[in-house]
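This report goes through selected strands and helices of the structure shown below, taking the sheets of one chain before a helix pair of the other.

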Amino acid sequence: MFACIYVSDFPVEAIVRSEPLLREQAVAVLEGKPPLTRVISVNERARSIGMEIGMTKLQAAVFAESVKPITTANRRQRRYSSGPPRHSTSATMRQRSPVQEGSAHLALLDVAHAFTPRVEDTAVDTLLLDLSGLERLHGTVQKMGSDLAERIAAVNMEANIAIAANPDAAMHAARGFDGVTIIPSGKESQRLGVLPVQILLDAFAISSQGNSGKSLAREREKLCEQMLETLEQWGVRDMRTLGLLPEHALASRLGEAGVKLRRLALGEGMRTLALSEPSQQFEEAMELECAIETIESLSFILNRLLDQLCVRLETRALAVQELRLRLQLERRVADEEITTIGELAGIGTSPDCHNVALSAMFERNLRLPVSMRDAKVFLKLLQLDLAANPPGAPVSKIWITAKPAPPRSAQRGLFLPITPEAEKLEITLGRIKAVIGEHRAGIARLLDSHRPEGFRLDRFVVAAPKKISSTMPEDSNSPALAMRIIRPPCRLRVRLEEGRPISLSAETKQSSREKLQGKVLWSAGPWHSSGNWWAENANPNDSNVGQTGPWDREEWDIALLSPGTSMTDGEGNAVTLYRIYYDLATGHWFADASYD
Amino acid sequence: MSSVAVIPVTNTVLTASSPAILRAQIESTLGEGFASTLLLRERPVPRTISTGVPTLDVLTGGLPRGALSEISGPASSGRTGIMHAALAEATQREEVCALVDASDSFDPASAAAAGVDLDRLLWVRCCEQKSTFKRVALPTSQKPGQPARISFAFSHALEQVLKVTDLLLQGGGFGMVALDLGDIPAESVRRIPLTSWFRFRRVVEPTATVLLLVEQEPCAKTCASLVLRLQTVSIYASPKPSCQVVGTENAQATGSSNLLRMQFSGTVKNKSDAETQRPCIPENNIVGHADVFQGMRLRAEVLRSWRQRKPPQSVDAQFELRAAL
């Protein structure tokens, strides 16, 4: 058995998928540049108010204005009113969106590939599925049909589904009948006979596109139009009539194509599906009629796109490892203004100047430590990221691309130590980042260096349990002496006697360094430390110069006697232990740590 | 409109059973729905974890889970060392810990030397240099004869600490959340409203998280289940104060501090009645930094404990720091 998924009015459905509220309205999709803008697709409600494919935008606008637009009051009134809903209360015209159509097509493919690996990508709105051997997995044919419909509804789409013994019969039935249609084997001609010949020719033209080039497809379409004209002249309007025509007479008049059409009208013939590979591209996009300026408004759209993306990933049993958000920003400065500004500034209209205005793409990458598939978590992370890095201009187009990964699997146990949930932890880290800034929280990784600040800060990821964890020092009965680093090092004025510091005071008057002054009770040192002398040409403006530049210094451990209440010398003065150093490169004294 | 029930309380002599009588009256008037609010909730004995220092475990009974513990003391009193020991214990149990570092003073090298598994420690560096050290004159009354009370506004750093701690506790799943306020002046830390500590205590109560606060002076008052005050008793570089060890030629090669020539210097005295120790310094420069402080002796005093609501008298213990580097 074969199933066909057919989405009628696909351009409309692709737009309605992203904006579910439009499903209640009459929608017409336009294409072309003014004044040649034409209606290319309408939904049932639009047809009911008189809109047709091929109308100009002006003609369609006349019908659209004739209906009452939906308002909140209308919607509420209709919700509480009894009786059948009125057929049409509002009409919307939208420009065709190839990106949304692409996303909708990929969503359909995901549904099909999740159902069976044998899928033919016949057309953008038509998919053929081989259901042979799936009865034990999915149940009866009726159940398979309803399952497919449910799965398609889960990706916010409506489609006709037909199941028949051969792929062409399934395709014709899907194009001709609404909802789920199941044609028992041997009754194809009986069920398909009522369908108009137009459907047969449309399907015939589409099925030949996949295996031929554009020019051949155009020729096939032209041939189909000619045949349709001929058949209409003969009075053949449905497939039953076409099937009753004698094969030899048809062959002599319409050639091989005529014979094939007759066989298709009878629901006969079997062909091999041209199988398609499952797509690894998970992208959802939306084009906006009006650019939006606030993150709150953007969040609603992101939420919808992320929901769609997660549903698609769920159908394929995948999760997200990396999320990429691309925003097309509306130009804030017109070309004329650029020219004017350039002339006023005396710089002319350089290409750079144009680039600044035109290259309005904004990208954010969200790398996740573990694979996840929670739209709410993604939305929160994107919101936090956008709040920290706002786009800075109105947004007119949105893409969200997910890098798929297998979902994480973790063995849980009653006796495992508590760990933060990965999703919660990501949101917590995102919020912390919003409070303290970027790169201020994470895991400290020690570098293989004797540099005093020899570490780097990595992203925090909950480490997997270690089988052997015995890194505790052997002598753990007493706590280890710890250091507290003074960041940045505090510059000192130091008095020396016989080469040893005898008193010091901090040059900078900071509250936490107020105690950093007084008599040096005792000192030990110096210990000379240097390194990375080969990196003398390091860029001092580099943010990592503290980790890469050279250092050369003499370190001292001192006990500083200063007023306080700590360990005292008997006279009420506190003794604090510091590490100070003399920087041989600059000739200054610094305090960079205290012992605690 | 909500109505308030007025309960007539009889003029009875308050005896030991008067709360029970009152409760019976209230229940008879308002019904049994109010019974639960009148019951005295007894806090269960908290589960504790080791501080990483056996002496302190004996003294305190360990750090209670689901509670706030404070370790206070001046600089160089071993606060950070004990915090590292507690973090090391927790991370060695494969718990995920977080360190909210108010003054960006955490040293990963010494923490790793103390046994902290850095892979399981989330280090949050709260301090923003540009905003932390902004001098602000506090509008407080100045007493005659006292210097003008000028404090530094650590409000930004403290605000970050409180926000981050709130987020970490709300997120949950951490075995220990340590707040390092050790370099923040006590007068600034005292300005944190008690409601913040109360909120933290309530958030952490139903969890297994240890909320550890390291500071100069206790500030969480009754919100803390354990308050520990540390003081340095003595510093000495050798087990024998009167050491006069003569170094050998290969001392540099071996790096052993016991073979170095030592001499006393300075006048550090302590309150310990055991012996008076004075710091030693080596004459030459071939010992490691931490070797100088080998055997720093500390004194820990329990000011408040979950084991006793009001300790009749503070108890203390002495222990030594060991060189970690």
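In this predicted model, strand β2 of chain A, residues 26-31, is mostly covered, since five of its six residues are buried. Two other strands pair with β2(A): strand β4 of chain A (residues 91-95) runs parallel to β2(A) and is joined to it by five bridges, while strand β3 of chain A (residues 38-42) pairs with β2(A) in the antiparallel sense over four bridges. Individual bridge partners can be named for both pairings, with Leu30(A) placed opposite Gln95(A) in β4(A) and Ala28(A) opposite Val42(A) in β3(A). The antiparallel pair β2(A) and β3(A) forms a hairpin with six residues between the strands, and in its turn Gly32(A) has a positive phi of about 105 degrees.

A further sheet of chain A is open and has five strands, in the order β5-β6-β1-β7-β8, with mixed pairing. The edges of this sheet are taken by β5 (119-123) and β8 (180-182) of chain A, each of which has a single partner strand, so that one side of each is left without a neighbour in the sheet. On average, and with direction ignored, neighbouring strands here are turned by 15 degrees against each other. At one of these edges, β8(A) pairs in the parallel sense with strand β7 of chain A (residues 160-164) over three bridges, and Thr181(A) in β8(A) is the bridge partner of Ala162(A). Helix α5 of chain A, residues 98-115, lies across β1 (2-6), β5 and β6 (126-130) of chain A and runs at about 5 degrees to β6(A).

The strand pairings described above are collected here.

| Strand pair | Sense | Bridges |
|---|---|---|
| β2(A) and β4(A) | parallel | five |
| β2(A) and β3(A) | antiparallel | four |
| β7(A) and β8(A) | parallel | three |

In chain B, how do two of the helices pack? Helix α7 (residues 155-171) and helix α9 (residues 194-204) of chain B pack at an angle of about 15 degrees, with their axes 10 Å apart. Because angles under 35 degrees count as roughly parallel, α7(B) is described as roughly parallel to α9(B). The crossing in which α7(B) passes α9(B) is left-handed. On the α7(B) side Leu162(B), Thr165(B), Leu169(B) and Gln170(B) take part, and they meet Ser196(B), Phe200(B), Val203(B) and Val204(B) in α9(B). By class, this contact has five nonpolar and three polar residues, and no charged ones.

Terms used:
Residues numbered from 1 in each chain as written. Chains lettered and ligands numbered in written order. Predicted model: local features only at pLDDT ≥ 70, side-chain atom pairs only at ≥ 80, totals over all residues. Axes fitted to C-alpha atoms, helices over the stretch in contact; angles between N-to-C directions. Parallel < 35°, antiparallel > 145°, perpendicular 65-115°, else oblique. Left-handed = near helix turned anticlockwise from the far one by under 90°. Contact = placed C-beta atoms within 7 Å. Nonpolar A, V, L, I, M, F, W, Y, C, P; charged D, E, K, R; others polar. Pairing = 2+ DSSP bridges. Buried ≥ 20, exposed ≤ 12 C-beta atoms within 10 Å, placed from the backbone.
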